[in-house]
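Here is a model to be questioned term by term. Each answer sets a value against its cut-off and concludes.

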Amino acid sequence: MMLLLLGTLFLLEHFCFGFLSEQGLIVGMHNPASIKEVTENPENSTSPFSVADLLTIYPSDIKITSLASDPNKGVFFVAQNNTIFIWQDDHEVPNFSTVYNKMYAEIEQIAFDYITGNLYWCDSLHNWIALKPAYDFREMIFKVVIQKDLYNPKGLALDPEDGLMFFSDNGPNPRIERASLDGQDRVVIVYRGILRVVSLTVDTDNDKLYWADHDRQTLEGCDYDGSNRRVIRRMNEVPLSSLIYHEDSLYVVSLNTMNLYEIDITSDALLDISKFPSGQPYTVNVYHTESTKSFKDPCLTLHCDHICINTKSGPTCVCSDGFELNRDGKTCTDISYIMDGMFIVSNASMFAMHRLHSVDGQRSVLHSVQLPVTNIETFDVDTKTKTIYFVDGGSRSLKKHDIVSLITNTLTSVSSATVTDLSFDWISKRLGWIEPTLSSIRSFSINAQASATVYTNLQEPTSLTIDPHNGVLYWISGTSVRTIVQGSWTRDIPQVLITAANLHNPTSLQFDVKTNRLYWLDRSVIKSSMTNGRDIKSHINTKGAIKTIAYKDFFGWINKKEIYFARSIFKNADITFNTVQNAKDIAVFDSTLQEDRRGTCHIQNGHCGGLCVPEENGRRCECDIGLHLQKDQSCDNDVLLSNFIVVTDFTHGRILQVDFQTGTVIKLPITANRSPGLVLEKSTTTLFYCETFTKSIKYTTLQGDNTTYFYTTGSSYADRLAIDYSTGNLYYTAVGPTTSQSYIGVVHRSTSLHKTLIYNLHSPKDIALYSSKGYVFWTEFGNTAQIVRANMDGTSKSFIAKKQIGWPNGLTLDFKTNRLYWTDGYYNRIESSDLNAGNRQVLATDNDAHLMSIVIHGQFLYYTAWNRH
């Protein structure tokens with residue numbers, strides 16, 4: 001099969017290539033961009049690492065985000081930025097073809113349905129999952145199958161044999177969901193204890209799902225229904241970027257460490273670590289010509305015009321976005337002049353439709369509608385009924401235009417030819433607008449077909465916008481001195497949200513339902529705030545816009561005869577389209593924006609006090625680990641007052657109690673931002689903890705009351721804490737950017753006076769005090785790993801251990817036997833000695849545990865370990 005190269009990006013001179021072997025791993029690399037093949041895993045870390053260069057891509061900063069393969073056809077699918085292309089290796093001259101290419105896209109993981117031949121992908125910019133026939137190179141053929149209740153999707157995996165799709169949502173409530181291949185029958189299967197899942201893979205023989213959590217630094221797995229979840233391995237200090245399952249192993253790559261890892265899923269053992277000599281591995285996949293089973297494609301007999309999906313009820317023809325399925329169930333009719341993701345621009349007599357997702361702003365030519373009017377003042381859209389509502393200044397009337405039938409009707413009259421800022425509330429089915437000559441806000445009910453006055457005698461109101469879910473109105477008030485004001489459909493007394501002191505010349509106010517923020521044009525800069533007027537941000541310079549709009553991760557604006565777009569992360573427009581002459585207004589047409597989200601996770605977290613889990617017809621409230629759901633949908637637990645251990649959860653930013661007797665875990669109502677260490681003053685149950693992010697030491701009660709900054713540590717961060725119960729003083733180890741900035745300090749409890757006791761330490765870790773003997777002990781594991789003792793005033797240093805020690809992470813004292821105990825995370829053992837470094841003994845080992853903290857209570861010793869959770 002000869003595949004022709006489409007588009008200008010993938011000309012042959014942009015590649016240097018090699019040839020594939022019969023089987024191996026393929027790895028997508030960054031810096032420089034390339035694809036490499038690992039044909040033989042080394043037996044150990046010192047064995048040769050067999051890597052072949054398959055493809056070098058120019059320019060070298062192109063980001064390869066995902067790989068998928070169709071070994072039956074000798075094909076790889078390569079995703080990079082906004083493009084997916086095919087690379088076919090025929091062992092003569094490789095062929096390249098563009099499968100999918102859009103001006104704006106952020107393609108994450110891709111997955112291939114080897115039964116129907118459909119290619120799926122996550123787009124984290126548009127927040128959707130889409131598919132297309134992998135070998136159909138028509139630019140308009142693709143279908144968005146999941147978009148509702150989806151934010152920042154990254155991980156994606158398919159089981160074509162069972163007709164299932166798995167994907168990750170990395171929004172405010174991170175989760176993993178399962179759905180049918182057409183996006184239906186969605187169900188959340190994992191929602192507790194995850195942070196950012198970037199890659200998924202499946203074992204189709206055993207119905208197992210595996211994933212990489214980049215922020216938790218874990219490899220985890222579960223059954224297809226979410227049961228039997230387990231942490232396969234914690235990859236300590238290894239941010240994971242991609243994984244793939246193959247023959248009872250998980251192959252994982254990390255961009256930061258430049259390593260390829262192999263983990264046995266039965267024993268959880270780390271079998272291999274191999275470092276790439278150059279480049280940063282970002283994505284990994286398996287190529288094995290003998291591993292693919294033979295399946296009959298159920299879609300072969302349907303002869304669909306566009307796409308066939310193997311749904312739960314069987315193979316079904318569907319049409320690409322912008323098309324509708326005809327009655328024959330196979331062919332499609334183009335209706336792309338009006339579809340989700342459109343921007344509609346008006347001038348005095350015309351509406352023009354633009355498509356942000358296309359290459360040139362429209363499918364082929366600019367679609368426009370000419371109306372028999374001479375003065376379209378302002379408009380808004382109802383995406384459910386495909387209706388444009390607009391004010392005709394010539395006839396002083398409010399009208400509606402049906403986009404499908406092209407029929408225009410008059411709804412009611414308006415008092416002025418200069419009505420402005422028409423806004424549609426799709427919840428209450430009301431239109432609101434400003435009548436400047438009366439300084440009033442008026443409304444029209446679609447259901448009752450009646451007009452009403454909402455506010456009168458306002459101070460020069462302009463730029464009305466509406467929050468439909470809460471029935472809140474926002475507008476700009478004043479002329480020379482302008483403010484942003486809040487009101488409501490129920491005529492609450494208007495309140496100033498943003499004063500003139502924070503504004504210059506605001507115009508074009510908009511409430512964005514996706515971000516729940518207000519956006520406006522201030523002079524030429526787009527700015528925004530929360531709906532309470534706080535957190536004002538400046539975004540992008542429009543250089544003369546007359547109307548702006550925020551949409552997903554974009555800003556759009558019009559100026560005379562052009563429409564501009566820019567990613568929110570940019571400082572200026574990065575693309576410009578021609579539009580109608582003398583453009584006056586702009587609106588987004590996207591049905592996913594005009595949904596009733598009351599009772600869902602989108603509005604105030606679904607009024608859940610903890611986790612909000614979306615369901616097909618609403619949401620349910622759940623609680624995270626260590627909490628229980630209360631009747632009011634909040635999350636709480638009774639704090640233990642005795643017989644407990646208290647533990648920091650560094651990864652999730654929480655502090656937990658563990659019951660001595662039952663092992664029950666309770667989450668304390670305390671937010672600890674990356675806290676490595678804490679100490680509990682038992683007599684007052686005051687909890688001291690340190691935060692690396694804020695470089696501070698705080699204290700609070702177990703109930704989280706009156707949390708207070710106790711001491712800030714400057715350029716260093718406090719790592720571990722210890723209380724001198726004879727004086728109440730707080731000792732701590734501090735880790736700085738250099739050895740000279742790493743030290744042990746002490747703070748007086750009542751006066752907060754500080755003294756640095758010991759300087760120039762090698763990454764000090766834990767600290768322990770023997771107050772009655774006047775000793776301070778601490779560990780270091782920088783360039784020199786050691787355990788040290790000194791007097792509590794910092795004098796008379798002596799060494800407890802310097803040999804046969806790797807990562808001394810934890811330290812504790814047994815005052816009854818006068819012995820010092822420590823954990824070694826490198827050798828995975830617990831050791832002890834007397835207070836003078838004599839009689840050193842190994843108490844216990846826990847292989848592959850990565851031992852961390854340690855504490856003694858009574859006759860028992862308790863410890864934490866990163867690989868034991």
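**Strand β62 and its hairpins**

Q: What makes β62 and β63 paired strands in this predicted model?
A: Strand β63 spans residues 696-701, and 6 antiparallel bridges link it to β62. Pairing requires at least two bridges, so the two strands count as paired. Within this pairing, L687 lies opposite T700 of β63.

Q: What lies between β62 and β63 in their hairpin?
A: The hairpin has 4 residues between the strands. In the turn, K695 has a positive phi of about 50 degrees.

Q: How do you know that β61 pairs with β62?
A: Strand β61, residues 678-681, is joined to β62 by 4 bridges and runs antiparallel to it. The requirement is at least two bridges, so this is a pair as well. L678 has Y689 of β62 as its bridge partner. This hairpin has 4 residues between the strands, and T685 takes a positive phi near 45 degrees.

Q: Why is β62 called largely enclosed?
A: Strand β62 covers residues 686-691, and 6 of the 6 residues are buried, so the rest of the structure largely encloses the strand.

Q: Which residues point each way from β62?
A: T686, F688 and C690 point one way. L687, Y689 and E691 point the other way, and all are buried. In a regular strand, side chains alternate between the two faces of the sheet.

**Two open sheets**

Q: Why are β33 and β36 said to stand at the edges?
A: The open sheet has 4 strands in the order β33-β34-β35-β36, paired antiparallel. β33 (376-382) and β36 (408-413) each have a single partner strand, so one side of each lacks a neighbour in the sheet. From one strand to the next, the twist averages 25 degrees.

Q: What makes β33 and β34 a pair?
A: There are 6 bridges between β33 and β34 (residues 387-392), and the strands run antiparallel. At least two are needed, so the pair qualifies. T378 has V391 in β34 as its bridge partner.

Q: Which are the edge strands in the sheet β37-β38-β39-β40?
A: This is another open sheet of 4 strands with antiparallel pairing. Its edge strands are β37 (420-425) and β40 (450-455), each pairing on one side only. Neighbouring strands are turned by 25 degrees against each other on average, direction ignored.

Q: How do you know that β38 and β39 pair?
A: Antiparallel pairing joins β38 (residues 430-435) to β39 (residues 440-445) over 6 bridges. The threshold is at least two, so they are paired. G432 stands opposite S443 in β39.

**Buried or partly exposed**

Q: Why is T812 called buried?
A: T812 has a relative accessible area of 10%. Buried means under 20%, so T812 is buried. T812 sits in strand β73 (residues 808-814). Beyond its neighbours within four places in sequence, T812 contacts R819, L820, Y821, I854, V855 and I856.

Q: Why does K63 count as partly exposed?
A: The relative accessibility of K63 is 31%. That falls between the 20% and 50% limits, so K63 is partly exposed. K63 lies in the loop between β4 (50-57) and β5 (64-70). Not counting residues up to four places away in sequence, K63 touches H30, A79, Q80, N81 and Y282. K63 and A79 are 16 residues apart in sequence and 8.5 Å apart in space, C-alpha to C-alpha.

Q: What makes W807 eligible for a surface patch?
A: W807 has 33% relative accessibility. Patch residues need over 30%, so W807 passes that test. W807, Y826 and Y827 form a nonpolar patch with about 310 Å² of accessible area together. W807 is in the loop between β72 (798-801) and β73.

**Salt bridges**

Q: Why is the contact of D321 with K143 called a salt bridge?
A: The closest N and O atoms are 3.8 Å apart. The limit is within 4 Å, so the pair counts. The pair links distant parts of the chain, 178 residues apart: D321 is in the loop between β27 (314-318) and β28 (323-325), and K143 is in strand β12 (residues 143-146). D321 is buried at 16%, while K143 is partly exposed at 24%.

Q: What makes R229 and E220 a salt bridge?
A: Their closest N and O atoms are 2.8 Å apart. This is within 4 Å, so the pair qualifies. E220 is buried, with a relative accessible area of 0%.

Definitions and conventions
Residues numbered from 1 in each chain as written. Predicted model: local features only at pLDDT ≥ 70, side-chain atom pairs only at ≥ 80, totals over all residues. Heavy atoms only, no water. Axes fitted to C-alpha atoms, helices over the stretch in contact; angles between N-to-C directions. Buried < 20%, exposed > 50% of the residue type's maximum accessible area, 1.4 Å probe, protein only. Contact = heavy atoms within 4.5 Å. Patch = residues over 30% accessible without salt bridge, like charges linked within 9 Å, V, L, I, M, F, W, Y side chains within 5 Å. Areas by Shrake-Rupley, 256 points an atom, 1.4 Å probe, with all protein chains shown as cover. Salt bridge = Lys/Arg side-chain N within 4 Å of Asp/Glu carboxyl O.
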